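Here's a quick briefing for anyone opening this structure for the first time. Have a look at the model, then read on.

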Amino acid sequence: MKSVSSKISESTEVTEVTEVTEVTGASEDTGGSEVTEITVVNEASECTEDIIVNDPKFLSSRKKWLILFIATFSGMLTHMTNTILYPALIQLREEFGISEITVNSLISVSLIFKGIASIVWAAYSDRFATRRKVYLLSCLVFIIPTILCSIAERIWVLMILCAIQVCGCSGMYSISAGIISDIYCPKERGGAYGIFYLAYWFSNFIGTLSGGYIIQYLNWQWIFRILVIYGGFIFPFVILFVPETFCQSTLTSQSKASQNRFNPIAPLNVPQNFSARIYKLPPSSIGLLFLAPAVGYPIGSLVGGKYSDFVLQRARKKGESVYPEMRIKSATVGVLIIPCSYLAYGWLLEHNFDIYTLMILWFFGALGSLITFNSLSTYLVDVCPGFSASVVALVNCISLMIAGINAIAGSLLENAIGTGWFFTVISLTCFIFSFLLVIVYFKGRQWQKKFFNGDSKRWTISRNL
C-alpha cells in the first residue's frame, strides 16, 4: 500500500480515493504477484476510472501538459513535411525539367507512404505495448533521409528519400496521438485532441508560408535542412521528458492467438491555381493564402473538441445515459458546412472571383472539416480503448491515401471537367458520405460489441465515459 500512497501524492489531479481492492493470488498473467486496483475520483475533471497504480493518467497536470506540448510539436512536423514543399513544386519542375504530373507524384507518393507507414508504426506500438521506443525510432527514420534529401541531384532519388522520410514522421504523428489517449481519460480527451489538431493543422499555414519565403530567397535544398533542424530539436525532448505511457494492465489481455503475431494492417493543387490564373501570385504570397485555412483549422479543432466534451457533460448533468455515439451529434454542424463552403469556392474560383471572398470560403471549409474531424476522431478513440494509436493511424492513412490519389487524379479531373464541376463532385461526395454517420450512430454499439468479441473489460471501459 505504500506504493499506492506515494503514487497518489505525486498527482495534483487526484483528490479522493473512494475504494481500494487488493487481489492477491497466483495467476497465469501475474505469476502470483500482488495487484492493487483502485478507483479514483478526480473532482477537477470529473474523471472516475478503474486504474492500476502505474496508469499514466495518474501523472501530474504539469507533466501531462509537457507531454502534450511535445506530442503536439511533433505532430506539426508531420503536416509541415509535405506542405512546406508546395511552394517549391514549380521550382522543382523547372530545375529537374519534369512534367506537372511527375512533380505532383512527389507529393502523391509521399502522402501514400505516410498513410501506410502510420498504420504499421501504430499497429506495432499497440501490439507490443510500447510508445517511447517507436517514437524515438520513427524520429531517427525521419532525420537521416531528410539530410540526404538536401543533397539529392535526381528527382527519382528525391522521391525515394521523401517516401522514407515521411514514413518516419508518420510514426511520430500516430504515436503522439496514442500518447495523448494514454494520459487523458475520456472526459478530458476531446479538449486535449482539440489542442493537438489545432497545432497540427496550423502547421499547414506555417509550412506553406515558410516554404514560400525559402523558395523566394534561398532554394529548395534549404527546406530539407530546416526540417532536419526541427526533427533534431524534438529527439532530445522525447528522450528526456516522454516516459512510456502504454498501460496495458488496465485492460483484459487480448486473445493469445492475436498476440502471437504482429499484423501491420490490423487497424484497417493550390499553388498551380493561384500562380497560373489571373492572380499571378509569387511563392511567398501563395504561402500567405494558407492563412485562411490556418485560422479555420485551429478554431474548428478547439470548437470541435470542446463542444464534443460539452455534449457529454450536458447529458450527464441532466441525468441522461452517456455513450460514445453522442460525439457524432457534435459533428453535425461541421458536416453541413463542408460541402456548402467548397461548392461555392469551386464555382467562384472557376470565374476568377475576388480572392478575399475565396479565402473566406476556404476558412469556413477548414472550420467545418476540423469540427467534424476532431469529434469523430475522439469518438473512435473512445470506442477502441487500447488501440488509440492504431485508430488515429487508420484515420490518417485513409485521409492521406485520398489526398495522394487526388494530387494526381484530381488535377487531371479538374482539367477535364473544369474547376467548378470538380468541386461539385467533391461536395456531393462529402454530402452523400455524411449519411453513413447516421448508420454509425444507430449501429455503432452493436458493431463495437462484435469487435471486442467477449472482452467484457474493454467493452465496459469504452461504454462508460
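Start with Asp182: leaving aside neighbours within four places in sequence, Asp182 is in contact (heavy atoms within 4.5 Å) with Asp55, Pro56, Lys57, Arg131, Thr245, Phe246 and Ser388. Keep in mind that this is a predicted model, where local features need pLDDT of at least 70, side-chain atom pairs count only at pLDDT 80 or more, and totals for chains, interfaces and linings use all residues. Residues are numbered from 1 along each chain as its sequence is written, and side-chain values use heavy atoms, with hydrogens and water left out.

**More on Asp182**
- Asp182 sits in helix α6, helices being DSSP runs (H or I, at least four residues) numbered from the N terminus.
- Asp182 is buried (under 20% relative accessible area, 1.4 Å probe, protein chains only), at 11%.
- The side chains of Asp182 and Arg131 are joined by a polar contact of 2.8 Å; that term means a pair of N or O atoms within 3.5 Å, one able to donate a hydrogen and the other to accept it, with residues adjacent in sequence counting only if both atoms are side-chain atoms.

**The cores**
- The largest nonpolar core (buried Ala, Val, Leu, Ile, Met, Phe, Trp, Tyr and Cys residues joined through side-chain atoms within 4.5 Å) has 77 residues, and Tyr135 and Leu158 touch the most other members.
- Helix α6 (residues 155-183) gives the most to this core, with 15 residues.
- Apart from this core lies another, of 13 residues, including Tyr342 and Phe422.

**Helix α17**
- The buried residues of α17 are Thr419, Gly420, Phe422, Phe423, Thr424 and Ser427.

Terms used:
Buried < 20%, exposed > 50% of the residue type's maximum accessible area, 1.4 Å probe, protein only. Helix = DSSP H or I, 4+ residues; strand = E, 2+ residues; numbered from the N terminus.
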